[in-house]
Amino acid sequence: MPRVIGSGLVLCVASVFFAGASETAAAEEGESFEPYPLDYFAMRPVIGNARLSPDGKYLGLLKIPSKTGNPILEVYAASDLAKDPFRMDADPMEITGFNWVSDTDIVFSARQQVRKRIEGFNRGTYEYKLGTVNVDTGKVKAFEQLGLSVEHLLPNSPTKVIVSLVEGGTEGRVSRAFRPRAYYEMDLRRGSRKLLIRGKMALGNISFDGAGNPWLARGYDNGKRELIWYWRPPDSKDWVEFRRVHEDEFEFYSFQVIGQDPEQEGHAFVVARNGEDTEGLWSYDLENKAFGELIMRHPRVDIGSVSYHSNSWSKPNTVVAVGYVTDKVHLVYLDGGEEALHKQLEGLIPNAHNVDVLSRSRDGATLLITNNGPRNPGTYYLIKDNKITKVGARQPLLEYERLAPVEYERYEARDGTSIPAYITTPHGEPPFPLVVMPHGGPAARDYLYGPYDEWAQVLANNGYLVIQPQFRGSTGFGLSLQRGAYENGGQEGHKMQDDKDDAALYLVERGLADPDRMAMYGWSYGGYAALVAASRTPQIYQCVIAGAAVADPMMQINYYRFQFRGALRDRLVRLRETAIQPVDEVEKVNVPMLIVHGDVDQRVPVDHAKKYLKELDEHGKDYKYVELAGADHFSNTLFYDHKSKLYSSMVDYLANDCGPDGL
């Protein structure tokens with residue numbers, strides 16, 4: 001059982017009443033709807049990044065007012081949301097996020113697409129800046145230094161924050177995750193900076209405690225090829241080493257420090273395997289360099305999230321819960337008061353799924369709540385003066401009952417391996433046409449940061465059953481499943497591909513999927529899997545859709561071969577060398593294909609698509625190609641026009657060009 005480390009303020013639920021419109025009930029089983037216009041899905045979130053001011057007087061949020069518009073910062077009086085808000089646009093830049101630093105001051109980040117072409121692998125077309133705005137005076141200040149990141153909000157110093165940047169450029173053979181940063185205290189009113197600490201390769205990547213004191217650092221011993229963790233004991237200026245691991249072990253060596261243990265001085269909370277298959281939460285004795293109490297571990301899935309105290313002003317950086325992800329985020333609380341509050345909120349919010357306190361006033365009385373789920377892209381609620389008000393939704397045109405339910409299941413691959421999967425079932429009666437949708441990575445997973453999957457819902461809304469297999473190589477489900485990707489040198493295109501096909505056959509066996517109407521769609525590594533699927537025999541799919549696909553694995557590994565070292569580099573190279581190379585398999589392609597790629601993709605450059613298309617032409621294969629102008633690899637660079645083109649191309653292709661008669 002997890003330990004409980006405190007109590008806390010709980011709402012007076014008896015006096016709280018709901019002032020917003022309730023959400024409708026789920027559809028009857030078997031009921032069907034007309035599909036939404038694809039524009040409804042293509043729109044970027046209407047509301048996002050909502051936050052309360054520390055005194056609870058103001059509610060700030062980002063709002064996109066039109067299909068092709070950029071986010072505008074709006075600040076409302078929390079006591080009367082009907083009043084006209086303060087508004088600010090960063091045009092020609094785009095606001096990407098913000099935080100309150102005082103009762104009236106906001107620090108915001110903004111970006112601008114300044115190049116029409118990428119400058120190499122992982123060097124995109126955007127530049128980033130920080131700025132501040134005072135909502136009382138309307139005064140805006142932009143900081144000219146590019147690449148600044150906010151590290152700490154310093155809740156006790158309302159005009160200052162800690163920022164960091166990589167000095168001397170970002171190029172080199174060391175992975176960006178390990179490049180040392182310089183840390184400054186920035187005065188937001190004056191724009192001046194004071195150097196706090198400059199990281200170096202042997203000791204960098206510094207974290208700060210709730211009061212803004214540096215307490216944790218990570219470094220690299222180049223001579224011994226070891227990664228090192230350090231901590232700074234209270235009232236000391238000296239860094240003390242407490243953990244080392246050789247780089248050859250690091251890829252599968254789980255050790256992540258997530259905060260200080262409030263119950264034991266000199267201890268930290270760490271997420272680690274410590275000899276087990278799945279990651280757990282441990283209390284770690286920093287002084288004696290040893291694992292202490294195991295606080296929580298799930299036998300089948302890794303720790304997937306950590307929650308901090310809902311009041312970040314009074315208890316900053318305080319870990320109160322740890323979670324794992326299956327059908328949803330399941331939280332195991334360490335704080336009794338926070339657990340009670342969470343349970344109360346779940347009882348108050350309609351269609352509660354993943355309910356979270358997004359922001360809370362310093363006195364604890366005003367709260368901003370978010371709820372999201374497989375059928376809810378995100379809804380915001382304000383609790384103030386014993387009243388709950390629905391602020392708005394990220395995608396207000398999408399209704400709960402018309403989106404598709406999602407189930408978490410496990411199926412057995414042909415060699416007996418248990419594979420987790422998410423299944424999105426359209427309204428109507430089975431058997432359905434099926435789309436197998438593998439995630440990118442491949443060292444990643446679905447449903448880690450949010451259960452709403454836009455692509456799955458687009459397809460389900462148009463009548464397609466969707467399965468997202470967490471094939472071997474996926475993270476989050478234990479070490480043995482992850483390591484399965486590296487068996488016998490590498491299983492890309494082999495057993496990893498079997499896992500995806502076995503997902504489809506599992507649904508056929510259950511009577512949910514029509515075996516004569518199946519396709520695969522994926523992005524990035526998922527796009528690679530779709531290319532591999534197109535040339536497999538025996539063939540179970542009628543067509544494939546490959547987005548941002550790695551067509552030439554060896555070309556891809558050469559982009560970053562020198563950013564990795566030791567066993568990790570060797571494993572990656574072997575994995576790519578043993579992988580099916582789609583660009584060399586074009587002659588075997590035996591189904592129609594839709595190829596989609598952004599023309600400024602920095603992670604999988606468009607050269608992959610160009611090289612593959614040339615081979616398709618030379619072999620006379622059936623395909624369509626869609627290029628997304630100005631689109632990078634990542635979802636936050638796919639704007640309305642990109643998504644509208646992508647979704648209309650996908651739905652039209654599946655309906656009309658997938659197989660002899662369409663899917």
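**Exercise 1. Work out which residues of helix H10 are buried in this predicted model, and how they are placed around the helix axis.**

Solution.
Step 1. Look for residues under 20% relative accessible area. In H10 the buried residues are His-608, Ala-609, Tyr-612, Leu-613 and Leu-616.
Step 2. Place them around the axis: they cover an arc of only 120°, so they lie on the same side of H10.
Step 3. Recall the geometry. An α-helix has 3.6 residues a turn, so residues three or four places apart point the same way.
Step 4. Turn to the other side of H10, where Lys-614 and Glu-618 are exposed.

**Exercise 2. Check the length of H10 against the span expected at 1.5 Å a residue, then inspect what comes just after the helix.**

Solution.
Step 1. H10 has 12 residues, 607-618, and should span 16 Å.
Step 2. The C-alpha atoms at its ends are 17 Å apart, which agrees with the expected span.
Step 3. Just after H10, Gly-620 has a positive phi of about 65°.

**Exercise 3. Locate Arg-445 and find what its side chain contacts.**

Solution.
Step 1. Arg-445 sits in the loop between strand S31 (432-436) and helix H4 (454-461).
Step 2. Test for a salt bridge, with a cut-off of 4 Å. Arg-445 is buried but has none; Asp-302, the nearest side chain of opposite charge, is 7.3 Å away.
Step 3. Look for polar partners. The Arg-445 side chain makes a polar contact with the side chain of Tyr-422 at 2.7 Å, and reaches the backbone oxygen of Val-325 at 3.4 Å.
Step 4. List further neighbours. Not counting residues up to four places away in sequence, those that Arg-445 touches include His-439, Gln-470, Thr-475, Gly-476 and Phe-477.

Note on methods. Residues are numbered from 1 along each chain as its sequence is written. This is a predicted model: local features need pLDDT of at least 70, side-chain atom pairs count only at pLDDT 80 or more; totals for chains, interfaces and linings use all residues. Side-chain values use heavy atoms; hydrogens and water are left out. Helices (H or I, at least four residues) and strands (E, at least two) are DSSP runs, numbered from the N terminus. The expected span of a helix is 1.5 Å times one less than its number of residues. Buried means under 20% relative accessible area, exposed over 50%, partly exposed in between (1.4 Å probe, protein chains only). The arc is that of the directions from the helix axis to the C-beta atoms. Lys and Arg count as positive and Asp and Glu as negative; His and the chain ends are not counted. A polar contact is a pair of N or O atoms within 3.5 Å; within protein, one must be able to donate a hydrogen and the other to accept it, and residues adjacent in sequence count only if both atoms are side-chain atoms. Contact means heavy atoms within 4.5 Å.
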